[in-house]
Amino acid sequence: MLTIDSIRKTNPVILNVANMVTPQHVADAINFYGGSPIMFTDEREAKELTNIASGVVFNMGSTNESTLRNVLASGKVANKRGIPVVIDPVAVGVTELRQANFKRTADEVHFDVIRGNAGEIAYLANVNWQVNGIDAGNGSGDVVAIAKQVAQKYDCWVVLSGPRDIVTDGNITYSVDNGHPYFQTNVGSGDMLDGILATAISVENNLKALVRATATFSIAGELAGEEYPHQPASFFVELFNQLATISDDEIDTKMKIHQL
Ligand SMILES: Nc1ncnc2c1ncn2[C@@H]1O[C@H](COP(=O)(O)OP(=O)(O)OP(=O)(O)O)[C@@H](O)[C@H]1O
Ligand SMILES: Cc1ncsc1CCO
Ligand SMILES: [Mg+2]
């Protein structure tokens, strides 16, 4: 079983192609959880940095020609080395460029995890969904079926986040019912989750570890919400305190996971 102690002892280096909005939050989340984050923006060091990393995160939230090259260069080295790749297809359905960038990346790089909200994963499943920019929006599709379909299509794990998180390999599926509404209030919660997931599976690369990491982040939010029930901005800072101090006992006690 993946323990928080093993993550903190391993302190894996997690390489990120971040978006322009939330890199500090992502670096903090990885760091407080027990990883060692590093970001980069110049393709010339993609290979060297991927060679020293234990996991990589590609956030497609504000990709341009140069950062797309970074993703492709790093992704190929990560695949060759067998280190886990997490991709976040931020607002993928919203513009043609985002769609093309994701397709190109999927054609050239194998992902271990696609992490997105319902709107993003629904787009990848070709399911009609009323998205709202970076936010999940509304749809009537079955999120479990959608997540499984995307996992099968891309031969990877999918973490579809929201009030209930769905974690699947396309066959075995878990739900995680922990969390707090203030996650949704804060921009970058999903980006932080990407970093948490990469950190976790760089230490133990299996579906159960992915489920536990998903629950850990949500439980840290529950604990933060208990401290700050009416202060959404303080919640965000407290989330870091909780990530830095959460124990395996707390995770075991609070975890609400079900195999579906
Ligand atoms: N209403 C909610 N109740 C409980 N937890 C939530 C809720 N909404 C989101 N979460 C949690 O927030 C985290 C981020 O998920 P979310 O689906 O908001 O990502 P996102 O839309 O990609 O966010 P962003 O684009 O701002 O980074 C997950 O851990 C999820 O469990
Ligand atoms: C607001 C925003 N725009 C592009 S990425 C991002 C952060 C949430 O992913
Ligand atoms: Mg997002």
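Let me start with R104, which counts as partly exposed because its relative accessibility is 42%, and I should say at once that we are looking at a predicted model. R104 forms a salt bridge with E108, with the closest N and O atoms 2.7 Å apart, and since the two residues sit 4 residues apart in helix 5, about one helical turn separates them.

E108 has a second partner, for its side chain also meets that of K76 in a salt bridge, at 2.7 Å from N to O. Here K76 belongs to helix 4 (residues 65-81) and E108 to helix 5 (residues 96-108), so this pair ties together parts that are 32 residues apart in sequence. K76 is partly exposed, at a relative accessible area of 40%, and E108 is likewise partly exposed, at 30%.

Now to another salt bridge, in which the side chains of D194 and R115 meet at 2.7 Å, N to O. This pair links distant parts of the chain, with D194 in helix 9 and R115 in strand 5 (residues 113-117), 79 residues apart. Both D194 and R115 are buried. Coming back to the earlier residues, salt bridges with shared partners join K76, R104 and E108 into one network. Across the whole structure, a search finds 11 salt bridges.

Both D194 and R115 also appear among the contacts of D88, which, leaving aside residues up to four places away in sequence, touches F58, N59, M60, R115, E120, G190, D191 and D194. D88 itself lies in strand 4 (residues 85-88), and it counts as buried because its relative accessible area is 1%, under the 20% cut-off.

Next, the annotated positions: the unreviewed UniProt entry carries a "binding site" annotation that covers M39 and G188. Of these residues, G188 is included in the lining of the largest pocket. G188 lies in the loop between helix 8 (182-185) and helix 9 (189-203), and with a relative accessible area of 9% it is buried. M39, by contrast, is found in strand 2 (residues 36-39) and counts as partly exposed, at 28% relative accessibility. Setting aside residues up to four places away in sequence, M39 touches N16, A18, P23, V26 and A27.

Finally, which residues form a nonpolar patch on the surface? They are M20, V21, I134 and V187, and together they have about 430 Å² of accessible area. One of them, V21, lies in the loop between strand 1 (13-17) and helix 2 (23-33), and it counts as exposed because its relative accessibility is 59%.

Notes. Residues numbered from 1 in each chain as written. Chains lettered and ligands numbered in written order. Predicted model: local features only at pLDDT ≥ 70, side-chain atom pairs only at ≥ 80, totals over all residues. Heavy atoms only, no water. Patch = residues over 30% accessible without salt bridge, like charges linked within 9 Å, V, L, I, M, F, W, Y side chains within 5 Å. Areas by Shrake-Rupley, 256 points an atom, 1.4 Å probe, with all protein chains shown as cover. Salt bridge = Lys/Arg side-chain N within 4 Å of Asp/Glu carboxyl O. Buried < 20%, exposed > 50% of the residue type's maximum accessible area, 1.4 Å probe, protein only. UniProt positions renumbered as here; feature names shortened; annotations may be inferred. 1 Å grid on protein atoms, 1.4 Å probe; cavity = no way out; pocket = protein on both sides within 12 Å on 5 of 7 lines; lining within 4 Å. Contact = heavy atoms within 4.5 Å.
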